[in-house]
Structure formats: structure tokens, C-alpha cells
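Biologist: I've got a chain here that I'd like to get a feel for. Could you pull it up so we can go through a few questions together?

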Amino acid sequence: MELLKQQLEALIFCSEQSISLEEIAASLKISFDWELEDAEIIEAIEEIRVKYASDDFAFELLEISEGYQFLTKKQYHSTVSALIQHKAKKKLSVS
């Protein structure tokens, strides 16, 4: 189960948008030839969600748009927004 959770974390982390159960299952089938039931994947995802719900992490695992995605927790949105604004200004000044 630990290997499955690590692989799920990697898949969700690298996805630019939410990743569906079908995409997860297909990726694991290609990589490991694993035939997993949705319930097995959901159980592992729930364990990952609980892990990242801890205050030790600035992001969390959410179910969004019929898939899963790591997102910054609300209390860090202003900091992330400041970075995005800073980068946008930097791009404009380079032109």
C-alpha cells in the first residue's frame, strides 16, 4: 500500500489539473501492470488526504472536477498571490 500511495502522490503532484481515477488507473496499469479497483485507489487517496490535512503542510489534497489535485491551503493564498504578482511585474519590466 505504501508504494501505491507514493505513486499516487507523484501522479497527483505532477498533474497540472485534477487527475481522474481513470487516468490514475491507466497510468499505474502502464507503469506496473497493476489492475486496481477504484475502491483501492480511493482508499489510498483518502490516506494521503489525511496526511496532508496536517498543519505540517501548506497544501492539501482535494477532490476537484471529478479528479484529485494538490492545492495550497487557504491560509497561504495571500503569500502565493504576492509571488504571482511579483512574477507578473517582473515579466512586464523585462519587455
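Biologist: Which helix is I84 found in?
Modeller: Keep in mind that this is a predicted model. Residues 77–94 make up one helix, and I84 is found there. So the name you want is helix 4.

Biologist: Is I84 buried or exposed?
Modeller: Let's use the cut-off: exposed means over 50% relative accessible area. I84 comes in at 55% relative accessibility, so the label is exposed.

Biologist: What is the area of the nonpolar surface patch made by Y76, V80 and I84?
Modeller: I84 shares that patch with Y76 and V80. Together, these residues make a nonpolar surface patch of about 250 Å².

Biologist: Which helix gives the largest share of the negative patch?
Modeller: The negative surface patch is formed by E22, E23, E37, D38, E40, E43, E63 and E66. Helix 2 (21–32) and helix 3 (38–52) each supply at least two of its residues. The largest share is three residues, and it comes from helix 3.

Biologist: How does E23 count, going by its relative accessibility?
Modeller: E23 sits in helix 2. Buried means under 20% and exposed means over 50%. E23 has 41% relative accessibility, so it counts as partly exposed.

Biologist: What is the radius of gyration of the chain?
Modeller: The chain has four helices and two strands, in the order α-α-α-β-β-α. For 95 residues the globule rule gives 12 Å, and the chain is well over that, so it's more spread out than a compact globule. Its radius of gyration is 16 Å.

Definitions and conventions
Residues are numbered from 1 along each chain as its sequence is written. This is a predicted model: local features need pLDDT of at least 70, side-chain atom pairs count only at pLDDT 80 or more; totals for chains, interfaces and linings use all residues. Side-chain values use heavy atoms; hydrogens and water are left out. Patches are made of residues with over 30% relative accessible area and no salt bridge: like charges are joined within 9 Å, nonpolar side chains (Val, Leu, Ile, Met, Phe, Trp, Tyr) within 5 Å. Accessible areas come from the Shrake-Rupley method with a 1.4 Å probe; for residues, only the protein chains shown count as cover. A salt bridge is a side-chain nitrogen of Lys or Arg within 4 Å of a carboxyl oxygen of Asp or Glu. Lys and Arg count as positive and Asp and Glu as negative; His and the chain ends are not counted. The place of a charge is taken as NZ of Lys, CZ of Arg, CG of Asp or CD of Glu. Buried means under 20% relative accessible area, exposed over 50%, partly exposed in between (1.4 Å probe, protein chains only). The radius of gyration is taken over C-alpha atoms; the globule rule is 2.2 Å times the number of residues to the power 0.38.
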